[in-house]
Amino acid sequence: MGQNYCHPLRTLSASEICDAVSILKKSNKEHENSSFSYIYLEEPEKKLLKENTNLERFVKIVGVDQKSNGFEAEINLSKKELLKEEKISNKAGPTYTLAEIFKAIELTMGDKNYQKALEKRGIKDLSLIQIDPWPGGVFVNKNIKNGNRALKAISFLKDSEKDNAYARPIQGLIAHIDLTENRVVEIEDHGVVKVPEAHARYDKDGQESLRENPKEIVITQPEGVGFSVEDNLISWEGWQLRASIDPIEGLALHQVSLNERPIFYRAGLSDMVVPYGSSDPLHWWKAVHDGTEYGFGTMTNSLTLGCDCLGEIHYLDAHKLAFDGSVETIENAICIHEEDYGVQWKHNDSTQMGYNEVRRSRRLVVSSFATIGNYDYGIFWYLYLDGTIQLEIKLTGVVGISAYHEDIHKSGQDFKISPELASPIHQHLFNVRIDWDLDDGDNQLFETNVEPLPINNVNPEGTQFQAISSHLTKESEAQRNIAPEKSRTWKIVNPNKLNKVGSPTSYKILYGNTPTLLSNPDSPPGKRAAFAKHNIWATPFQNEERSGGGRHTVMHSGEGGLEEITAKDRNISECDLVTWLSFGVTHIPRPEDWPVMPVEYCGVHLIPVGFFDQNPTINLPPSCSSKSKSNK
Ligand SMILES: [Cu+2]
């Protein structure tokens, strides 16, 4: 391994991104005028990486050229050459670039009809207007030519430069912008509704008074932290993994193993969608794919020590390609730390003759936050001492709102969250793609249902029930939903590795309460977000199958993604297995969500089942902290 060696899954450095852009621009001068969506490392497939860890580095740059056409360029970083460049059809284009977002805002601000519509509402000072562009696809304005890129813009009025604009939506006003033709094609105006007056600031100076500071909680680890980090490789209590920020998916985990036993090769948010269920003209058309339309990972926050992350923190930076071809560093993009997590296990011998034992649990937290428009999402991965892996999405930020009007808003679809504001019912649905490598080999997928046994002579009192497992062998069989009444779970199994009780080693997928998609399956959002129709899908590994709704979705009407991917109904009975897990929240807004939403949670647990021969934490030493105090 030469001096320049870096692990194939190490995240892209700033200089690698710089190199890639200059290779692209040198090879094709037209890209001097392109705007860029993102760059990503083309990760080697697991089989290749198992054979060799000294591999050439490849990246893809995705963007929009001067003529508003999407493109994707593949570059060999090690050989410093452009390998190929392809056009991306604008019927399913790459994420909006920041240049396009700025352009949409500028064109809307400068549009005479837009200004007239504001004047009708008594608004003259454009400096207090905030314009939020939303994807222009799915329900495309009639004046936008097929194949053109578009945005729809809605507006808000601030009372001062630093105000929370979302307090004052400009009801019923939507600008349609054709990005390819550089013009506003229509100002849709559903009539004047009074702009709400009350401000809704969430900063400390915006509150009438602040409660007293709660007593400080200090988290210190005087002996140092229990984990180590080298580049993006994290080691902790037998766990090993790599973490990175994918421009579309956000925080992704790689090569997760425990005690040198692989569990999965990669996990990341393959897609997400926020469909709105209201009839309000300002919202009914919204069903944004924050990953493939805006680049969830490119919106990753810089985290602040002691505020976002408490305790002894190790941060990883991430580098991204900005729209103008420069490199931007997101400092403190990934937060890594340990947390005490209460009791791991305990038994008090009730006879008082035996042992009273208790052990404490802790977890390693690898997390990030991304802000997309009005919403903020945390991606939190937790690794536990007992082999459990948890993915938790934290949802916060500002809910979508309208100026309330009794003729527009309907009970059941729109909810008053302040005297002047209504917030529409909507969903946040996520899909995590997990490329399994459980116990280093091909895997199987099983479904377990728990069923009561019929009353008969072996079950005369009807007290008995049983767990029935069935092997899902084809893609069509593996499109399933949760069923709490059957305690339904799924298991990833390695049939070639047996545990001490003679069963194959496995990991179980355990959901909390989670919805599926409520949009009609034949509606455009239903087709585009088909991944959210089922809580689990499974496929045999194919490198290019990365996104639950299709990799490029701007202006796309649907038909991509998991329904298309699984259309051949491939065999999955024992294969390099990939599962696609959909979960989320159906959000019925409440006054407590205003002016900023307390964190709501959703996610999934992956739990070892016969992966170990016994409780893997039985060997934890007792750890009673002498520093704890009580009132006694
Ligand atoms: Cu919500």
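**Helix α1 and the sheet β1–β4**

On the other side of helix α1 from its buried residues, S15, S22 and K26 are exposed. This is a predicted model, and the briefing looks at α1 and then at a four-stranded sheet among its packing partners.

**Helix α1**
- α1 covers residues 14–27, and at 1.5 Å a residue its 14 residues should span 20 Å; the end C-alpha atoms do sit 20 Å apart, so the two agree.
- Buried in this helix are E16, I17, A20, V21, I23 and L24.
- Looking down the axis of α1, those buried residues fit within an arc of 160 degrees, so they line one face of the helix.
- As background, an α-helix has 3.6 residues a turn, so residues three or four places apart point the same way.

**What α1 packs against**
- Its buried residues pack against β1 (35–41), β2 (58–64), β3 (70–76) and β4 (81–88).
- Two further strands, β15 (314–321) and β16 (327–348), also pack against the buried residues of α1.

**The sheet**
- β1-β2-β3-β4 is the strand order of an open sheet with antiparallel pairing.
- At the edges stand β1 and β4, each with a single partner strand, so one side of each has no neighbour in the sheet.
- On average, neighbouring strands here are turned by 20 degrees against each other, direction ignored.

**The β1/β2 pair**
- β1 and β2 run antiparallel and pair over 6 bridges.
- Which residue of β2 stands opposite L41? That would be V59.

Conventions: Residues are numbered from 1 along each chain as its sequence is written. This is a predicted model: local features need pLDDT of at least 70, side-chain atom pairs count only at pLDDT 80 or more; totals for chains, interfaces and linings use all residues. Helices (H or I, at least four residues) and strands (E, at least two) are DSSP runs, numbered from the N terminus. The expected span of a helix is 1.5 Å times one less than its number of residues. A residue is buried if 20 or more other C-beta atoms lie within 10 Å of its own, exposed if 12 or fewer, and partly exposed in between; C-beta atoms are placed from the backbone. The arc is that of the directions from the helix axis to the C-beta atoms. Two residues are in contact if their C-beta atoms, placed from the backbone, lie within 7 Å. Two strands pair if DSSP finds at least two bridges between them. Axes are lines fitted to C-alpha atoms, for helices over the stretch in contact, and angles run from 0 to 180 degrees between N-to-C directions.
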